[in-house]
Amino acid sequence: MEKFIPVVVIKELSETDKILTALKNNGINTAEITFRTACAADAIAYACKNYPDMSIGAGTVINADQCNAALEAGAQFIVSPGLSVAVANICNEKNVPYYPGCVTPTEIMQALDLGITTVKFFPANIYGGLKALKALSAPFPQVKFIPTGGVDRSNIDEFLAFDKVAAIGGSFFVKESLEKMEN
């Protein structure tokens, strides 16, 4: 898994090339295209076809229908803001990585029961940030986290220095990459 997972919101299919090219030019070869827009599945299919060297996943997947649509479009991993047993079962059946949002011990235990050991920690800034991750790591040493939400350049190094952080998620990677391309 790459250390950076940009959260990509594509409002119009025509934005896909600009955003993915900017990410690649910035050395990032992963994109979590969110299911927040009407063209999400089309954007994922387009990205998978035209950027085969990138790891393209679907984000904000909150139910089985979205999960199936994302996988049919070619998504290589699935991310949710919370934990969906239905999505976990589909991903497990199709051998696709699933990173559910888990911020409480109960949610982490449910993820472990489903065979999931890497979880999204979202929104990281609201749920205690790095202090919370360190506290949760004590009873769950086998779990790795993908903090997302409130992680930015001011604190990213602290998160990356913690060995239980598998990757950092965030939309700021897209903003930075686009700004670099324009300059």
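A pocket, as the word is used here, is an open set of grid points with protein on both sides within 12 Å along at least five of seven lines, and its lining residues have an atom within 4 Å of a point. The structure discussed below is a predicted model.

**The largest pocket and helix α4**

The largest pocket holds about 220 Å³ of space. Its lining is made up of 13 residues, and those closest to the centre of the pocket are Asn92, Val96, Tyr98, Gly115 and Ile116. Helix α4 gives the largest share of this lining, 3 residues, while α4 and β5 are elements that each supply at least two of the lining residues. Sorted by class, the lining of the pocket consists of 8 nonpolar and 5 polar residues, with no charged ones.

Helix α4 itself spans residues 85-94, and within this helix Val87, Ala88, Ile90 and Cys91 are buried. These four cover an arc of only 165° around the axis, and therefore they sit on the same side of α4. As a general rule, an α-helix has 3.6 residues a turn, so residues three or four places apart point the same way. The buried residues of α4 pack against α3, β4 (78-79) and β5 (98-99), whereas the face turned away from that buried side carries the exposed residues Asn92 and Glu93. Asn92 thus appears on the exposed face of α4 and also among the residues closest to the centre of the largest pocket. After α4 comes Asn95, which has a positive phi, near 60°.

**Helix α2 and what covers it**

Which residues of helix α2 are buried? In this helix, which runs over residues 40-50, they are Ala40, Ala43, Ile44 and Ala47. Viewed down the axis of α2, they fall within an arc of 100°, so they line one face of the helix. The cover over these buried residues includes two helices, α1 (15-25) and α3 (64-73), together with the strands β2 (30-34) and β3 (55-59).

**The largest cavity**

Searching the whole structure gives 1 cavity of 30 Å³ or more, and the volume of the largest cavity is about 40 Å³. Its lining is formed by Ile5, Glu32, Val79, Tyr99, Lys120, Ile146, Thr148 and Gly169. By class, this lining divides into 4 nonpolar, 2 polar and 2 charged residues; the lining of the largest pocket, by contrast, has no charged residues.

**Cysteines and a buried glutamate**

The count of disulfides in the model is 0, when a pair of sulfur atoms must lie within 2.5 Å to qualify. For Cys39, the nearest cysteine sulfur is that of Cys48, 14 Å away, and Cys39 is in no disulfide. For Cys102, the closest cysteine sulfur belongs to Cys91 and is 13 Å away, which is too far for a bond.

Glu176 lies in helix α8, residues 172-182, and its C-alpha atom is 10.0 Å in space from that of Arg153, although the two residues are 23 apart in sequence. The table gives the relative accessibility of Glu176 beside the values of Cys39 and Cys102; a residue counts as buried when its value is under 20%.

| Residue | Relative accessibility | Class |
|---|---|---|
| Cys39 | 11% | buried |
| Cys102 | 0% | buried |
| Glu176 | 18% | buried |

Note on methods. Residues are numbered from 1 along each chain as its sequence is written. This is a predicted model: local features need pLDDT of at least 70, side-chain atom pairs count only at pLDDT 80 or more; totals for chains, interfaces and linings use all residues. Side-chain values use heavy atoms; hydrogens and water are left out. Buried means under 20% relative accessible area, exposed over 50%, partly exposed in between (1.4 Å probe, protein chains only). The arc is that of the directions from the helix axis to the C-beta atoms. Contact means heavy atoms within 4.5 Å. On a 1 Å grid over the protein atoms alone, a cavity is a set of points where a 1.4 Å probe fits but cannot get out, and a pocket is an open set with protein on both sides within 12 Å along at least five of seven lines; lining residues have an atom within 4 Å of a point. Grid points are joined across faces, edges and corners, and a volume is the space filled by probe spheres set on the points. Ala, Val, Leu, Ile, Met, Phe, Trp, Tyr, Cys and Pro count as nonpolar, Asp, Glu, Lys and Arg as charged, and the others, Gly among them, as polar.
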